[in-house]
Amino acid sequence: MMQKLLLSLILGLVPFLAEASGPVKTDHVTAELVAESTSIQPGLPFWVGVRLEMIDHWHTYWTNPGDAGLGTSLTWTLPEGFTAGPIIWPTPQRIPLEPLVSYGYEGEVLLMVRIDPPPTLPRVESVDLKVRADWLACHDVCIPGGADLSLVLPVTSGPPTADPAWEGLFAQTRESLPLEGVGWPVALSPEGDDLRLEVMLPEGAEVDPSGVFFFNATDSVIEPAAPQVVTFKDGRLSLLLKPAVYAAGPVNAVDGVLFASGGFGAVIPGQAVAIAASIEGPADAIPLPVASVAYEDLSGKKRISLPVAVAAALLGGLILNLMPCVFPVLSIKILSFVQQAGEDRSRILRHGLVFALGVLVSFWVLAGLLIALRAGGQQLGWGYQLQSPLFIIAIAAVLFLLSLSLLGVFEIGGSLIGVGASARTSGYAGSFMTGVLATIVATPCTAPFMGSALAFALTEPAVVSLTVFTALGLGMAGPYVILSAVPALLRFLPRPGAWMETFKQLMAFPLLATVIWLAWVLGLQVGMDGIARFLFGLLAIAIAAWIYGRWNTLVRSTPVRLAARFSALVFLVAGLYVASTGTRMAAGSAIPTSQAAPGEITWLPYDAQQLEELKNGPDPVFLDFTAAWCLTCKANELVVFRSDEVKKVFREKGIVGMKGDWTTRNPEITRALAQFGRTGVPLYVYFAGDGAAPVLLPEILNPGIVLDVIRGGN
């Protein structure tokens, strides 16, 4: 103990060495302050780390240095409002220095620290983080060292992206962290002068006792150099530990890291587990910050792996086909399959592949725009384009024209939508455009499993993001490729005939319903005057379609046809212009949040500061992030939040409802979504009160799911 006290005093007297924004090199250790992200966002926690690189045969120390040594310490100087968490210690190595044993690190180590910025940083373009790192480097001799390190990070309005220079090191460090909260039963009992630590491993776990060692996190509790006798039988791992010679009184509790060099078998994804045990009963919480803290990503949620994200994206894309946003446009593709029944199989397959290409290209373009705009500091998420009135007008105009074509007002032909093509026209452009349209209208919907995959994609490098978006597109287009590739499935489709004209006209009505929905969304953003201009614009577009269909196709006179085309173009341009002038109207209130009918749930408008106060108070809080253009949100609202049983439970438990309306761009709500690891709506979060951890609910709800969460169920 006296030796460690003297070492601590020596370190405090180490003179100033350096202050640098890059690596600082000393005789035996190179130190550098690095960040996992290339920038920071106000209110969003981020990770930094002090990287120590030791020369060969030299080492620095863990939080418990073992028989001799001193753990590295960090002293932070941060801008106002910033706070630094504790060091996240990777699992140490046993470093024998006969007759002593130390716990520390050789080669390279990253000491991770979570930084929490304030919710706002007005008029700040960058922040300067400073830390004083002091360490003890040892080989045959020990030399105190230290450095003043600094790092400047830009402040952006959008969620940060991982720094390719350091993301690998952070990922590697996370893999070396001990797992916490595994829930293994543990027991500690005296056995003569020693202690018997017993751990019951889960079913299927396997471990080689010769590679097992227990690192106690508190020094002067367990003798580091004493051999630990380890046995493993019937799932029970037993270690015989020797109390430290300098222990301050009888040892009746241990806490630290159980390490197995060969791992614990396939059931445990790691080599180290944090455990605690006490002779007197349940042990206190482990004071050592371990993996459950450090496994959080930039948004504060647990990071998923790329294979899981790809699988979730594939499944989410498949389910998108069943979402109400997508079905109206996919009805066109269904109609084309009916028309193609009985045709050449290779041609049908080509149409399916071209449709899939349209979906994939659209997802790639959307992903590219999101990546580029986020890199420029924009705060965007899934479905962001429907926050733009001009985009809503454009897509509504296209769908309106398609519906008029299906009704026979005019004929676009197979070159656009793949219906009504002549035998000599392949219609591949139509299949491609159907894929494009399906993707565009899919973005308001967030299918199950998509939320975490999209959040993962938009916080990873561009290549990873494009991989996830490609999986999403493949999942969405997959059923149609399969249908076009397996001729046997086409036998179940009816043969083409006169009935197809009726069916084609019938398919226009889902498109018109989508136009009505888009008009409603637009009205919430631009007000009644704006929607009136939009409707007059659609009237002009309808006149253009009628002129084109009536005078361009039914009249053989070339001058008349040219005049008809010119007139149709004039009305089309005029209609788009009139419709777009409505975007300058005052925006309306998309979702009423301050008023509620008697018996209905009252929703407060989202406010980050108020939420912080409410969730630490005694009353539960239910947080609902929604948007007028999100049909899944609207379906959940109708089925769940207007349910008498749900409304009754809200009243009985005094649940405070808070609603974040994302119909139009709102950076505060975009930041809040990112903090929960999401990029789009719907998002539902329940806080049980008194500072309880948030519970995230699925995107698609029913009353039972909500009631189970509120009542403490699964």
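Reader: What makes you say that strand β19 (residues 272-278) is mostly covered?

Author: Count its buried residues: in this predicted model, seven of the seven residues of β19 are buried. Buried means under 20% relative accessible area, and each of the seven residues in β19 passes that test.

Reader: How do you know which faces of β19 are covered?

Author: Go through the residues side by side. Ala272, Ala274, Ala276 and Ser278 are on one side of β19, with Val273, Ile275 and Ala277 on the other. They are all buried, so both faces of β19 count as covered.

Reader: What makes β18 and β19 a pair?

Author: Two strands pair if there are at least two bridges between them. β18 and β19 have seven, and they run in the antiparallel sense. Since seven meets that cut-off, they're called a pair. One spot to look for: glycine 256 stands opposite isoleucine 275 in β19.

Reader: Which other strand pairs with β18 (residues 253-260), and how do you know?

Author: That's β15, again antiparallel, over five bridges. Five is enough as well, because a pair needs at least two. Glycine 256 turns up here too, as the bridge partner of asparagine 216.

Reader: Why is β15 (residues 212-216) described as largely enclosed by the rest of the structure?

Author: Five of its five residues are buried, so the rest of the structure largely encloses β15. Its two faces tell the story in detail: Val212, Phe214 and Asn216 are on one side, Phe213 and Phe215 on the other, and all are buried.

Reader: Is asparagine 64 called buried or exposed, and why?

Author: Its relative accessible area is 3%. Anything under 20% is buried, so asparagine 64 is buried. You'll find asparagine 64 in strand β5 (residues 59-66).

Reader: What makes the links from the side chain of asparagine 64 to glycine 66 and asparagine 216 polar contacts?

Author: Distance is one part of the test: the N or O atoms must be within 3.5 Å. The side chain of asparagine 64 reaches the backbone nitrogen of glycine 66 at 3.1 Å. A polar atom of that side chain also lies 2.8 Å from the backbone oxygen of asparagine 216. Both values fall within the limit, so the distance part is met. Leaving aside neighbours within four places in sequence, asparagine 64 has several contacts, among them Tyr103, Ala217 and Asp219.

Reader: Why is the bond between cysteine 138 and cysteine 142 called a disulfide?

Author: The cut-off is a pair of cysteine sulfur atoms within 2.5 Å. Here the S to S distance is 2.0 Å, so the pair qualifies. The structure holds one disulfide.

Reader: What is the handedness of that disulfide, and how do you know?

Author: Look at the torsion about the S-S bond of cysteine 138 and cysteine 142. It's about 115°, so the disulfide is right-handed.

Reader: How do cysteine 138 and cysteine 142 get their burial labels?

Author: Cysteine 138 has 0% relative accessibility, so it counts as buried. Cysteine 142 has 41%, which puts it between the 20% and 50% marks, so it counts as partly exposed.

Reader: Why are the buried residues of helix α20 (residues 703-710) said to line one face?

Author: Those residues are Val706, Leu707, Val709 and Ile710. Seen down the axis of α20, they fall within an arc of 160°, so they line one face of the helix.

Reader: What makes asparagine 702 a cap for α20?

Author: At the N-terminal end of α20, a side-chain oxygen of asparagine 702 lies 3.0 Å from the backbone nitrogen of glycine 704. That is within the 3.5 Å limit for a polar contact, so the distance fits the cap. After α20 comes glycine 712, whose phi is positive, near 90°.

Reader: In the open sheet ordered β20-β22-β21-β23-β24, what makes a strand an edge strand?

Author: The sheet has five strands with mixed pairing. β20 (603-605) and β24 (695-696) each have a single partner strand, so one side of each is left without a neighbour in the sheet. Elsewhere in the sheet, five bridges join β21 (residues 621-626) to β23 (residues 683-687), running antiparallel. Phenylalanine 622 stands opposite tyrosine 686 in β23.

Methods: Residues numbered from 1 in each chain as written. Predicted model: local features only at pLDDT ≥ 70, side-chain atom pairs only at ≥ 80, totals over all residues. Heavy atoms only, no water. Buried < 20%, exposed > 50% of the residue type's maximum accessible area, 1.4 Å probe, protein only. Helix = DSSP H or I, 4+ residues; strand = E, 2+ residues; numbered from the N terminus. Arc of directions from axis to C-beta. Polar contact = N/O pair within 3.5 Å; in protein donor to acceptor, adjacent residues only side chain to side chain. Contact = heavy atoms within 4.5 Å.
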